Amino acid sequence: MVKKIAFINQKGGVGKTTTSFNFAAYHTRLGEKVLGIDIDPQGNFTYNCGAEVPEDGKTIADLLLKKCTFDECVINTKYCDLLPANLDLTMSEMTIAAKQYKETLLSAALKNIIDQYDYIVVDCPPAFNVFVYNGLNFVDQICIVTRAQTFALMGIKQILTVLDGTNEASGRNVKIAGMIVTAYEPKAAAAKAILEVLENYGTKKGFKVIDSKISKSNMVENSQNAQESIFDFAPKSKPALEYLAAFAELDKYISEGE
Ligand SMILES: Nc1ncnc2c1ncn2[C@@H]1O[C@H](COP(=O)(O)OP(=O)(O)OP(=O)(O)O)[C@@H](O)[C@H]1O
Ligand SMILES: [Mg+2]
């Protein structure tokens with residue numbers, strides 16, 4: 001059965017896109033059929049895939065507003081099939097927010113195609129907005145992406161509150177598959193202590209912080225500038241090996257959570 005997962009944190013710049021994009025690339029490399037969904041007007045996931053929305057091309061905004069079909073929107077990229085985003089999504093936010101059933105537009109738009117895929121990966125924007133609610137109403141599990149920074153726990157508690165709220169409203173049981181820590185610097189003064197706090201919180205709430213932390217490394221940014229996955233750009237690099245281990249562990253938790 002298709003696995004649907006969103007990478008989430010309302011805090012900006014914590015590694016959601018890097019992680020979700022490389023997760024999609026990882027599963028494509030395993031020979032699986034993957035759909036990536038960019039619901040962030042910044043369009044970073046779209047960029048990472050090496051894709052560009054043509055001038056009159058369709059984006060996820062058109063799909064949510066039923067202005068196009070799935071086939072008209074989807075782009076085949078080297079890394080996955082992609083529902084792309086650009087700034088049109090921001091332009092459409094008010095229109096979408098005024099719609100009836102505004103939080104289940106994504107699920108409705110995709111209900112007939114999900115079985116074509118093994119994995120569907122959603123890259124969330126740094127917000128709690130109508131797009132994130134659409135993501136939460138569509139996926140079955142989430143992966144929290146965070147850095148080991150001050151205030152990390154505060155933000156993560158908010159994610160759990162929002163998830164409880166959407167689960168209660170929808171009657172669904174979207175689960176936390178795990179938490180990935182990115183740009184990790186074990187030598188940074190507070191990093192280890194913050195990590196311990198996150199791990200204790202995970203234990204209390206029933207989810208795991210993935211063992212393999214992703215080190216801070218220039219290779220990550222360089223791979224994005226090259227519009228390549230870390231596995232193509234620098235397969236033997238530290239972050240590539242750490243992501244491999246992290247994704248294997250995350251997949252285990254996703255399977256257990258099904
Ligand atoms: N392990 C890492 N080491 C060094 N830099 C990293 C690492 N992971 C991500 N970055 C860099 O941090 C920046 C933010 O990463 P990314 O875009 O993945 O975060 P995000 O959470 O998706 O951001 P936003 O909230 O804006 O969508 C990027 O410049 C990325 O290259
Ligand atoms: Mg992002």
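## Exercises on a predicted model

In strand 4, Asp81 is the bridge partner of Leu35. The model is predicted. Work through the exercises with the structure open.

**Exercise 1. Place the strands in the sheet.** Find how strand 2 and strand 4 run, and which strands stand at the edges.

*Solution.*
- Start with the pair that holds Leu35 and Asp81. Strand 2 (residues 34–38) and strand 4 (residues 81–83) are joined by three bridges and run parallel.
- Now widen the view. The open sheet has seven strands, in the order 3-4-2-5-1-6-7, and its pairing is mixed.
- Read off the ends. Strand 3 (75–76) and strand 7 (175–182) are at the edges; each has a single partner strand, so one side of each lacks a neighbour in the sheet.

**Exercise 2. Relate helix 7 to helix 8.** Decide how the two helices are oriented to each other, then name the residues in contact.

*Solution.*
- Take the geometry. Helix 7 (residues 130–138) packs against helix 8 (residues 152–170) at an angle of about 60°, and the axes are 10 Å apart.
- Classify it. Angles from 65 to 115 degrees would count as roughly perpendicular, and those under 35 as roughly parallel. Helix 7 and helix 8 are therefore oblique to each other.
- Add the hand: the crossing of helix 7 and helix 8 is right-handed.
- List the contact. Helix 7 gives Tyr133, Leu136 and Asn137, and helix 8 gives Leu163, Thr166 and Ser170.
- Sort those residues: three are nonpolar, three polar and none charged.

**Exercise 3. Do the same for helix 8 and helix 9.** Find their relative orientation and the make-up of their contact.

*Solution.*
- The axes of helix 8 and helix 9 (residues 191–205) come within 10 Å and cross at roughly 20°.
- Helix 8 and helix 9 are therefore roughly parallel to each other. Their crossing is right-handed.
- On the helix 8 side, the contact uses Ala152, Leu153, Ile156 and Leu160. Helix 9 answers with Ile194, Val197, Leu198, Tyr201 and Lys205.
- The contact of helix 8 with helix 9 holds eight nonpolar residues, no polar ones and one charged.

**Exercise 4. Describe the shell around ligand 1.** Name the nearest residues, the contributing elements and the residue classes.

*Solution.*
- The shell around ligand 1 has 21 residues, and Gly12, Lys16, Thr17, Thr18 and Pro126 come nearest.
- Two or more shell residues come from each of helix 1 (16–29) and helix 10 (218–225).
- By class, the shell around ligand 1 has seven nonpolar, 10 polar and four charged residues.

How values were computed:
Residues are numbered from 1 along each chain as its sequence is written. Chains are lettered from A and ligands numbered from 1 in the order in which they are written. This is a predicted model: local features need pLDDT of at least 70, side-chain atom pairs count only at pLDDT 80 or more; totals for chains, interfaces and linings use all residues. A residue is near a molecule or strand if its C-beta atom, placed from the backbone, lies within 6 Å of it. Helices (H or I, at least four residues) and strands (E, at least two) are DSSP runs, numbered from the N terminus. Ala, Val, Leu, Ile, Met, Phe, Trp, Tyr, Cys and Pro count as nonpolar, Asp, Glu, Lys and Arg as charged, and the others, Gly among them, as polar. Axes are lines fitted to C-alpha atoms, for helices over the stretch in contact, and angles run from 0 to 180 degrees between N-to-C directions. Angles under 35 degrees count as roughly parallel, over 145 as roughly antiparallel, 65 to 115 as roughly perpendicular and the rest as oblique. A crossing is left-handed if the near helix is turned anticlockwise from the far one by less than a right angle, and right-handed if clockwise. Two residues are in contact if their C-beta atoms, placed from the backbone, lie within 7 Å. Two strands pair if DSSP finds at least two bridges between them.
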